[in-house]
Structure formats: C-alpha cells, structure tokens
Amino acid sequence: PNTVRLCKLLRARVAAAERKQQHGQEREQEGGGEGGEGLLLSQITRNARRTEAANLFWEVLQLKTWDIIECAQETAYGEVVIKPAARFHEPILGEA
C-alpha cells in the first residue's frame, strides 16, 4: 500500500510540474525548477521523520526496480533526483 501511495504522489507531482512548465516555460528556463529536472527526494520527505524518510527511500527503490521511475544521485549522500520511467503511467500491483 505504501508503494501505491508513493506512486500516486509522484504521478500527481509530475503532472503538476508538467502543468507548471506548460504555463510558465520561459520563467522555468530562467530559474530552473521541477519541470525538466525531476522531483527531489528531499521535497517529498521534507516534513517526514527519519524513519518515515527511510521508508520512503525504500519505496523509491522498489518503484525503480519495477521501472516506474528513474533515480539519479551524483554524489554519495547527495540529492536523489526522481524522474518518470517507461512504466510510469501503468497501474501497479495493489493499485485500484
């Protein structure tokens, strides 16, 4: 269930970022933002306790193994960038 909830959250955040990018493309190109850069794990875990953040990280790895998202981390302990992958919009096991 947590994996399904995280997947729904990521889909909603990506959709919102895409809408934002469509409406303010010039502004985002100047100042950056979520649109083309992906979502940051720190944004998702901003108000989470340490154990909750660790659980969310594990769920991110699970979605990565199912090819639902792509993850990148340039340096150890650096920011984790999450982007949609090939199966991002496909339903996952347990999703209603």
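**Exercise 1. The sheet**

Find the residue of β3 that stands opposite L39, then work out the order of the strands.

Step 1. L39 faces I82 in β3. The model is a predicted one, in which local features need pLDDT of at least 70 and side-chain atom pairs count only at pLDDT 80 or more, while totals for chains, interfaces and linings use all residues. Residues are numbered from 1 along each chain as its sequence is written, and side-chain values use heavy atoms, with hydrogens and water left out.

Step 2. β1 and β3 (residues 81-84) run antiparallel and are joined by two bridges. Strands here are DSSP runs of E, at least two residues long, and helices are runs of H or I of at least four, numbered from the N terminus; two strands pair if DSSP finds at least two bridges between them.

Step 3. Between β2 and β3 there are four bridges, again in the antiparallel sense. A72 has V81 of β3 as its bridge partner.

Step 4. Put together, the three strands form an open sheet in the order β1-β3-β2, with antiparallel pairing. β1 (39-40) and β2 (69-72) are the edge strands, each pairing on one side only. Against this sheet packs α5, which touches β2 and β3.

**Exercise 2. The nonpolar core**

Identify the residues of the largest nonpolar core that touch the most other members, and the element that gives the largest share.

Step 1. The core has 16 residues, and L10, L63, I68, I69 and I82 touch the most other members. Such a core is a set of buried Ala, Val, Leu, Ile, Met, Phe, Trp, Tyr and Cys residues joined through side-chain atoms within 4.5 Å.

Step 2. Two or more residues come from each of α1 (2-23), α4 (41-44) and α5 (50-65). With five residues, α1 gives the largest share.

Step 3. Take I69 as a case: leaving out residues up to four places away in sequence, I69 touches L10, V60, L63, K64, I82, K83, P84, A85 and F88. Touching, or contact, means heavy atoms within 4.5 Å.

**Exercise 3. Three loop residues**

Place D67, Y77 and T45 in their loops, and decide whether each is buried, partly exposed or exposed.

Step 1. The cut-offs are under 20% relative accessible area for buried and over 50% for exposed, with partly exposed in between (1.4 Å probe, protein chains only).

Step 2. D67 sits in the loop between α5 and β2. Its relative accessibility is 30%, so D67 counts as partly exposed.

Step 3. Y77 belongs to the loop between β2 and β3. Y77 is exposed because its relative accessibility is 85%.

Step 4. T45 is found in the loop between α4 and α5. The relative accessible area of T45 is 15%, so T45 is buried. Its contacts, apart from neighbours within four places in sequence, are A53 and L56.

Step 5. Now check phi. Most residues other than glycine have a negative phi. D67 is not a glycine, yet has a positive phi of about 60 degrees; Y77, also not a glycine, has a positive phi of about 65 degrees.

Key:
Axes are lines fitted to C-alpha atoms, for helices over the stretch in contact, and angles run from 0 to 180 degrees between N-to-C directions.
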